[in-house]
Amino acid sequence: MAAATVDGSALAGRALAAAGARHMFGVVGIPVTSLASRAAAAGVRFLAFRNEQSAGYAAAAYGFLTGTPGLLLTVSGPGCVHGLAGLSHATANAWPLLMVSGSCDQADAGRGDFQELDQIAATKPFVKLAVKATTIADIPRLVFQALAATVSGRPGGCYLDIPSDVLHQTLTESEAADLIAAATAASNPSPPKHKSLDEGIEKAADLLRRAERPLVVIGKGAAYARAEEAIRKLVDTTGIPFLPTPMGKGVVPDSHLLSATAARSLAIGQCDVALVVGARLNWLLHFGEPPKWSKDVKFILVDVCEEEIELRKPHVGIVGDAKRVIELINREIKDNPFCLASSHPWVEAITKKAKDNVLKMEAQLAKDVVPFNFLTPLRIIRDAILAEGSPAPVVVSEGANTMDVGRAVLVQNEPRTRLDAGTWGTMGVGLGYCIAAAVAEPERLVVAVEGDSGFGFSAMEVETLVRYQLPVVVIVFNNNGVYGGDRRGPDEITGPYKDDPAPTSFVPAAGYHKMMEAFGGKGYLVETPDELKSALSESFHARKPAVINCIIDPYAGAESGRMQHKN
């Protein structure tokens, strides 16, 4: 009797499972349909999407939420190109993602084969590593190598190409087992020797101790590194105010008395020493330069990437994992402790400014404005989310005004509970993020607060929510377009196409909730506070797929949200 054989699809599925993969997102078709099924049979749950872009954003968010590589599977050619959106987004955000794509037969490359593309060349600008299996025996080794590369150093995207002919090659069961065993053994080298951090730790602690106006800046890299306990201890024992970046919110609770979020301009404008943990001094932090920052501020930059330290040239640069570095700083401070009391002039200035700004915001939030502005529904959503307690829902936020205003209103008291457009400002991430959060954090409700433009990029994935019965409530802020309404001046409404809708306009009062109903989910149309409260209460309790179509005044927001100067 002939020995049982294993083809490339089955071997890839088994190798992924052996390497620890538990979820994979993607769209099947030639030549990877069998790979998805074989991976599922090996223990890797496959989440089938309607579009590779959304699947890629899901894989990226999964990498952030779990600290393990997200997996994206695409078909060849155009499928690979669609997947570049999620792949590049992951690399820009420093999240681990491995994209696996089928490709054309190697023998027919260069002859115009079906969906032919040089996929290694196409992916290289966006990844840390791009590799191709030229024979079936390559698959296990390259799976382990590529997965390891996504999380080494600064996390990011990697790419694995498996041609159609390789997926159809076979070997025996014993050969397959030996290849996977060898790849597994090779992936467990002795632990790396860590470079001594003593000098940097001592300098950092000393700078913080001597600072008159210190500040801790918390980036999403700190959230990824699970540094929340260490950072909370640092803040509590030293009394130093902290400022989170958008996805750093919750590492230390937003409700903490030392939060400088509501006093951001004062905090970054007047601090003399800034400990920046897991954040880059890029556009989100005004490049660490005047006029937003003081020209005399001294930066202590903690980053896993030495090149980042060299690029920014901080006063003190510490290359290392955020959690480990902050634990060492805490240990150093413990030997010579200090603490800024609540009466310290800097702490008083921050807390007073924050309190004053919060009171002003709360006064605005207290008003029930109908037709809805952005603040009234966001307040109602905030209160409903907070009422869920712990584990807190994961909040997905995208859109111009919706995301920007929501960042100031919605509260994160637990780490990794906010997902937004990120470092690249990517629109279209919403539904992919929702699906990733639902499978990565099954004990949590997922609540998406989406602008109607942002929702439109991935709206068809509501069918995916229903198909897998995921506990996701999507709230669409429907203001009839990008930024809302027709905002053109008279000088822009000229020419042969002046009667066309404005480039920013959509169909007025679109029935987005009916999309969800079409697939068997629950849809709500809300225009008043009571209608929104009722819809949130019912949908949160049900924990089933739902879309709440929230009608907003088309002229309530601002063009480009809070980045008008860029448009």
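I take a contact to mean heavy atoms within 4.5 Å. With that cut-off, I looked up the contacts in the chain with a separation of 6 or more, and residues 24 or more positions apart account for 76% of them. I note at the outset that the model is predicted.

**Overall form.** I looked up the secondary structure and found 22 helices and 19 strands in the chain. I then checked the radius of gyration: the chain has 25 Å, which agrees with the value near 24 Å that a compact globule of 567 residues would have. Along the principal axes, I recorded a box of roughly 85 × 65 × 50 Å, filled by the C-alpha atoms of the chain.

**Burial and surface.** I found that 56% of the 567 residues are buried. For the exposed area of the chain I entered about 23,600 Å², of which carbon and sulfur atoms supply 54%.

**Charges.** I counted 55 positive and 62 negative charges in the chain, and their mean positions lie 5 Å apart.

**Nonpolar cores.** I next asked which members of the largest nonpolar core touch the most other members. Of its 114 residues, these are I231, L275, I329 and L419. I followed I231 further, leaving aside residues up to four places away in sequence, and noted that I231 touches I218, A222, V251, V252, V277 and I326. Apart from this core I found another, of 38 residues, including L35, F46, L73 and V143. As background I note that nonpolar side chains tend to be buried together in soluble globular proteins.

Terms used
Residues numbered from 1 in each chain as written. Predicted model: local features only at pLDDT ≥ 70, side-chain atom pairs only at ≥ 80, totals over all residues. Heavy atoms only, no water. Helix = DSSP H or I, 4+ residues; strand = E, 2+ residues; numbered from the N terminus. Rg over C-alpha atoms; globule rule 2.2 N^0.38 Å. Buried < 20%, exposed > 50% of the residue type's maximum accessible area, 1.4 Å probe, protein only. Areas by Shrake-Rupley, 256 points an atom, 1.4 Å probe, with all protein chains shown as cover. Lys, Arg positive; Asp, Glu negative; His and termini not counted. Charge placed at Lys NZ, Arg CZ, Asp CG, Glu CD. Core = buried A, V, L, I, M, F, W, Y, C linked by side-chain atoms within 4.5 Å.
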